[in-house]
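Q: Please take a close look at how the helices pack in this model. I would like the crossing geometry, the residues in contact and the aromatic pairs.

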Amino acid sequence: MHSATVSLDPAFVVGPVRRRTFGSFVEHLGRCVYTGIHDPGHPTADADGFRGDVIELTRELGVSTVRYPGGNFVSGYRWEDAVGPVEQRPRRLDLAWHTMEPNLVGVDEFMRWTAKAGVEPMMAVNLGTRGVQEALDLLEYCNVPAGSYWADQRRANGAEDPYKIKMWCLGNEMDGPWQIGHKTAQEYGRLAAETARAMRMIDQGLELVVCGSSSSAMPTFGEWEHTVLTEAYEHVDHISAHAYYWEEDGDLASFLASVVDMDHFVESVAATADAVRAAGKHTKRIHISFDEWNVWYQKRAESRPPSGDDWPVAPVLLEDRYNVADAVLVGNMLISLLRNTDRVHAASLAQLVNVIAPIMTEPGGRIWKQTIFHPFALTARHAAGEVLRLAVDSPVHETAKFGEVAVLDAVATYDAESGDVVLFAVNRSLTEQVVLDVDLRGFPGMRVAQALTLSNPDHTWHATADDDTSVLPQPNTSAKVADDRVRAELPPVSWSMLRLEKE
Ligand code: AHR
């Protein structure tokens with residue numbers, strides 16, 4: 001058994017809890033769009049063909065923003081193909097995932113879906129095969145009220161009012177050799193700067209995200225951010241970061257410690273952005289949009305696109321099945337994103353439905369929740385107010401990838417309006433329970449309002465369409481307040497939430 005302590009104080013604030021931390025991602029990839037959000041034959045489908053049950057679970061998940069339409073897909077995308085009468089839309093080869101894109105869903109359908117799901121859109125432009133002009137055309141189509149060619153096309157297609165999309169991604173993963181139209185940092189930095197500058201000539205209120213690194217393991221990591229920001233600093237607001245982790249060779253301890261890399265990623269990108277700021281004598285700060293993050297078993301067969309002459313529509317791709325340990329890491333990644341709220345101003349769980357996703361659907365059939373749904377939904381629902389800077393005293397254990405790592409990781413939020421303090425914590429030990437003491441002298445007179453723990457002696461358990469309820473976060477009955485502290489027992493390989501309220 002291990003013991004750990006956490007001390008918190010209302011005066012030690014990192015920054016606000018940002019709703020945009022709880023974003024997600026819908027890409028034209030596999031079954032995310034077709035038979036995912038869009039399935040006209042489904043009993044819950046509406047007049048647009050959108051599944052009502054998916055919209056319901058998207059709301060329950062607490063998603064704020066949704067990035068669209070890619071991902072690697074966007075780097076070969078012609079957005080004009082997918083507006084206007086559906087029967088006249090061309091079918092196109094999608095080179096990124098070697099599939100056939102039927103263009104049944106495009107920007108107008110997606111915008112109708114975001115309104116129904118109550119989420120903010122985050123639109124990506126193609127800077128792989130295309131450039132400044134096509135980005136401007138899409139922006140004009142979306143945000144200009146009326147009187148110009150593309151604005152009037154939108155109106156003719158049924159959308160009288162402009163969409164007023166605020167967040168725009170300037171391409172996707174342009175540092176990756178797998179990307180269609182992959183560029184050097186210098187080439188991309190110039191293109192991103194010119195695209196951003198021109199986009200602001202149409203709409204000054206945009207928030208623009210320039211591509212950072214596809215992972216901290218990229219050989220160009222650091223140098224890429226430095227070069228791109230040196231070109232584009234004044235024209236953009238955020239730089240992206242992407243991170244996927246997976247358990248390799250049965251090394252669960254290293255996998256559960258992956259947030260060491262995520263924290264390092266944020267710290268390095270923030271330091272690089274600040275160095276460019278100083279060198280360029282800029283005054284504003286660049287923030288991070290962590291707009292792809294999740295567990296993703298990239299080496300599994302379903303992660304490889306089809307090949308040859310077969311160009312299927314919406315094949316099964318990247319349909320990872322998540323176990324309890326994966327959910328613990330997803331909970332820990334949210335802890336990291338919240339802890340870094342001073343620099344991470346937006347994030348997107350990749351993705352939303354079927355493709356490395358918390359929500360799964362059967363074509364025309366059932367819907368079910370993966371294990372990772374639960375830490376996300378609970379964190380999105382209960383993190384509120386300010387993120388607190390914690391003093392954590394935890395035992396450490398050895399991991400092959402990251403050396404000595406704290407067994408307990410945690411973050412807390414304090415909502416001055418409701419008076420609630422919420423602690424999110426993971427126990428990364430594979431074998432030992434952690435008895436956690438939270439010092440509440442800064443918050444006298446609190447009681448436990450809710451204590452939930454997600455764990456299972458079999459951490460490889462994963463949900464299926466037949467059973468997605470056997471392993472849900474359960475009430476943690478050990479959580480008790482006494483003498484200005486709350487004590488709770490956290491089982492090995494677990495994620496927990498402790499919500500405290502004023503007595
Ligand atoms: O989310 C799956 C893929 O991961 C995205 O298309 C790409 O941007 C990243 O490599």
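A: Angles between helix axes under 35 degrees count as roughly parallel, over 145 as roughly antiparallel, 65 to 115 as roughly perpendicular, and the rest as oblique. Keep in mind that this is a predicted model.

Start with helix H3 (residues 132-143) and helix H4 (residues 149-156). Their axes cross at roughly 50°. H3 and H4 are therefore oblique to each other. The two axes come within 7 Å. The crossing is right-handed.

Now the residues. H3 brings Asp-137, Glu-140, Tyr-141, Cys-142 and Asn-143 to the contact. H4 answers with Tyr-149, Trp-150, Ala-151, Gln-153 and Arg-154. Sorted by class, this contact of H3 with H4 has five nonpolar, two polar and three charged residues.

Aromatic rings feature here as well. Tyr-141, Tyr-149 and Trp-150, which take part in the contact of H3 with H4, belong to a cluster linked by ring pairs. Trp-79 is also a member of that cluster.

Next, helix H9 (residues 324-339) and helix H10 (residues 373-382). They pack at an angle of about 30°, and their axes are 8 Å apart. Because angles under 35 degrees count as roughly parallel, H9 and H10 are roughly parallel to each other. H9 passes H10 in a right-handed crossing.

On the H9 side, the contact residues are Ala-327, Val-330, Gly-331, Leu-334 and Leu-338. On the H10 side, they are Pro-375, Phe-376 and Thr-379. By class, the contact of H9 with H10 has six nonpolar and two polar residues, with no charged ones. The contact of H3 with H4, in turn, has three charged residues.

Move on to the aromatic pairs. The structure holds 15 of them. One is formed by Phe-110 and Trp-113. This pair is stacked, at 6.1 Å centre to centre with 25° between the planes. Phe-110 and Trp-113 are three residues apart in helix H2 (residues 107-117), so about one helical turn separates them. Phe-110 counts as buried because its relative accessibility is 0%. Trp-113 is buried too, with a relative accessible area of 0%.

Tyr-188 and Trp-224 form another stacked pair. Their ring centres are 5.7 Å apart, and the planes differ by 15°. This pair links distant parts of the chain. Tyr-188 sits in helix H5 and Trp-224 in helix H6, 36 residues apart. Both Tyr-188 and Trp-224 are buried.

That leads to helix H6 (residues 223-232). Its buried residues are Trp-224, Glu-225, Thr-227, Val-228, Leu-229 and Ala-232. What covers them? The cover includes helix H5 (185-202) and helix H8 (259-279). Strand S9 (207-210) and strand S10 (238-245) also contribute to the cover.

Finish with one residue of helix H8, Thr-272. Thr-272 is buried, with a relative accessible area of 15%; the cut-off for buried is under 20%. Leaving out residues up to four places away in sequence, Thr-272 touches Gly-222, Glu-225 and His-226. Of these, Glu-225 is one of the buried residues of H6. Thr-220 lies 52 residues from Thr-272 along the chain, and their C-alpha atoms are separated by 13 Å.

Terms used:
Residues are numbered from 1 along each chain as its sequence is written. This is a predicted model: local features need pLDDT of at least 70, side-chain atom pairs count only at pLDDT 80 or more; totals for chains, interfaces and linings use all residues. Side-chain values use heavy atoms; hydrogens and water are left out. Axes are lines fitted to C-alpha atoms, for helices over the stretch in contact, and angles run from 0 to 180 degrees between N-to-C directions. Helices (H or I, at least four residues) and strands (E, at least two) are DSSP runs, numbered from the N terminus. A crossing is left-handed if the near helix is turned anticlockwise from the far one by less than a right angle, and right-handed if clockwise. Contact means heavy atoms within 4.5 Å. Ala, Val, Leu, Ile, Met, Phe, Trp, Tyr, Cys and Pro count as nonpolar, Asp, Glu, Lys and Arg as charged, and the others, Gly among them, as polar. Buried means under 20% relative accessible area, exposed over 50%, partly exposed in between (1.4 Å probe, protein chains only). Rings of Phe, Tyr and Trp (its six-membered ring) pair if their centres lie within 6.5 Å; planes under 30 degrees apart count as stacked, over 60 as edge-to-face and the rest as tilted.
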